[in-house]
Amino acid sequence: MDAHALSGAARRLGSILEPVVGQVYFSPECHANYQALGFDPSTRTANGVALPDGPAYFTSRGSVMGQVPGEVVAAAFAVFNPEIVIPHVRLGWTRTDAASICAARDDGGIAQLRRLLGESPDGVERAAELLSLAVEPLRPEGRPLYAGVRSLAMPDSALGAVWRMGDMLREYRGDSHTTAWVSAGFDATEIGLLTELFWGLPMRSYSRTRAWSNEQFDAAHDRLRARGLVDDSALTERGRAVREDIEVHTDMQMAPAISALGPDIDELFTIMAPWGATVRAGFGYLPSGPHDLAIAASSGADAPR
């Protein structure tokens, strides 16, 4: 498979998986489980989708690595301001432990899929078989969140196994993306600004959710402008090429999974794409996610809003 085809397959895989896997962060069942552990309830929505409580989000996702301090969670998540992450995680560990919230996360994520898709959606056994092929060759070096998810027990049901292995692939790509932009010489504020412009979003819109201050964004903007990557409000031609190169380097790191699936990857897409549409229709995930935006950016299409 040539590089262009590999990139297309890797981005399509991320887009197909995202609503089925990433719904765990918007699941009402998860929010209720976390509230039972002492966290605050979900009080905000976006397009009808329930948004997570901050401490519950950082603690639950970070729990796959064990009961690690906020500094470790901030390093692994990479794009969030540690000034927010560290106290949120510290608070979280006063309310629960890693094993309890990790179990609550598993239960709630799988429960929402069961509610929206049914216990055994069409093709679930085959999807689990294909995802098992995809994750088998993946190595853990430099990928803390992937390694954490990989260390967890496999759920008993086929639907639960699909979610677990999808989460492995999601975090593997996320860890790989962090490797790509860090090795390209960017920090979290800089990659945030570059990425939202790459997606066709206004500067400081999506990246604002990562809790950086105006002063931190101002400094990052100045650094990017000095490197010739942005002007006052848009990517330069060079900036777009540099940001696309980061995405390509991320795609290349997905090669073991794409190669393991081979031509059967299209079957996986056919099975799982309707599930993602159903999850979104049931307000289990946002109307568009980062992978959809990346595909639109790379194709030159208008980014979904």
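A polar contact is a pair of N or O atoms within 3.5 Å; within protein, one must be able to donate a hydrogen and the other to accept it, and residues adjacent in sequence count only if both atoms are side-chain atoms. Keep that in mind for several stops below.

**Before you start**

This is a predicted model, in which local features need pLDDT of at least 70 and side-chain atom pairs count only at pLDDT 80 or more, while totals for chains, interfaces and linings use all residues. Residues are numbered from 1 along each chain as its sequence is written, and side-chain values use heavy atoms, with hydrogens and water left out.

**Stop 1: the whole chain**

Show the protein chain as a cartoon. You should find 15 helices and two strands (DSSP runs numbered from the N terminus: helices are H or I with at least four residues, strands are E with at least two). The radius of gyration is 19 Å, close to the 19 Å that the globule rule gives for 305 residues, so the chain is as compact as a globular protein of that length. That radius is taken over C-alpha atoms, and the rule is 2.2 Å times the number of residues to the power 0.38. Along its principal axes, the C-alpha trace spans about 55 × 50 × 35 Å.

Of the 305 residues, 53% count as buried (under 20% relative accessible area; exposed is over 50% and partly exposed lies in between, with a 1.4 Å probe and protein chains only). Among contacts (heavy atoms within 4.5 Å) with a separation of 6 or more, 73% join residues 24 or more positions apart.

Now colour by pLDDT, the predictor's confidence in each residue, from 0 to 100. The chain has a mean of 95, and 95% of its residues reach 70 or more. Select residues 301–305 next: here the pLDDT is below 50, and the stretch has 14 contacts in the model beyond near neighbours in sequence. Where pLDDT is low, the predicted coordinates should not be read in detail.

**Stop 2: helix H2**

Select residues 28–36. Within H2, Glu29, Cys30, His31 and Tyr34 are buried. The buried residues of this helix pack against strand E2 (49–50), helix H3 (54–62) and helix H6 (98–117). At its N-terminal end, Ser27 acts as a cap, with a side-chain oxygen 3.2 Å from the backbone nitrogen of Glu29. After the helix comes Gly38, whose phi is positive, near 110°.

**Stop 3: helix H3**

Move to residues 54–62. How many residues of H3 are buried? Eight of its nine are, so the helix is mostly covered. They are Pro55, Ala56, Tyr57, Phe58, Thr59, Ser60, Arg61 and Gly62. Their packing partners are H2, helix H4 (70–77), helix H5 (82–95), H6, helix H8 (144–150) and helix H9 (158–183). Show the side chain of Asp53 too: it caps the N-terminal end of H3, with an oxygen 3.2 Å from the backbone nitrogen of Ala56.

**Stop 4: aromatic rings**

A search of the whole structure finds 10 aromatic pairs. Rings of Phe, Tyr and Trp (its six-membered ring) pair if their centres lie within 6.5 Å; planes under 30 degrees apart count as stacked, over 60 as edge-to-face and the rest as tilted. Zoom in on Tyr57 and Phe58: their ring centres are 5.1 Å apart and their planes stand at 65°, so the pair is edge-to-face. Add Tyr25, Phe77 and Phe80 to the selection, and you have one aromatic cluster together with Tyr57 and Phe58.

**Stop 5: Arg105**

Select Arg105 in helix H6. Is Arg105 buried or exposed? Its relative accessible area is 0%, so Arg105 is buried. The Arg105 side chain makes a polar contact with the side chain of Tyr25 (2.8 Å). Beyond residues up to four places away in sequence, Arg105 touches several others, including Cys30, Tyr34, Ser60, Arg61, Trp163 and Asp167.

**Stop 6: two loops**

Go to Ser207, in the loop between helix H10 (188–198) and H11. Ser207 counts as buried, at 4% relative accessibility. Its side chain makes a polar contact with that of Glu196 (2.7 Å).

Finish at Thr236, in the loop between helix H11 (214–226) and helix H12 (237–252). Thr236 is partly exposed, with a relative accessible area of 22%. Leaving out residues up to four places away in sequence, Thr236 touches Gly228, Leu229, Val230 and Asp231.
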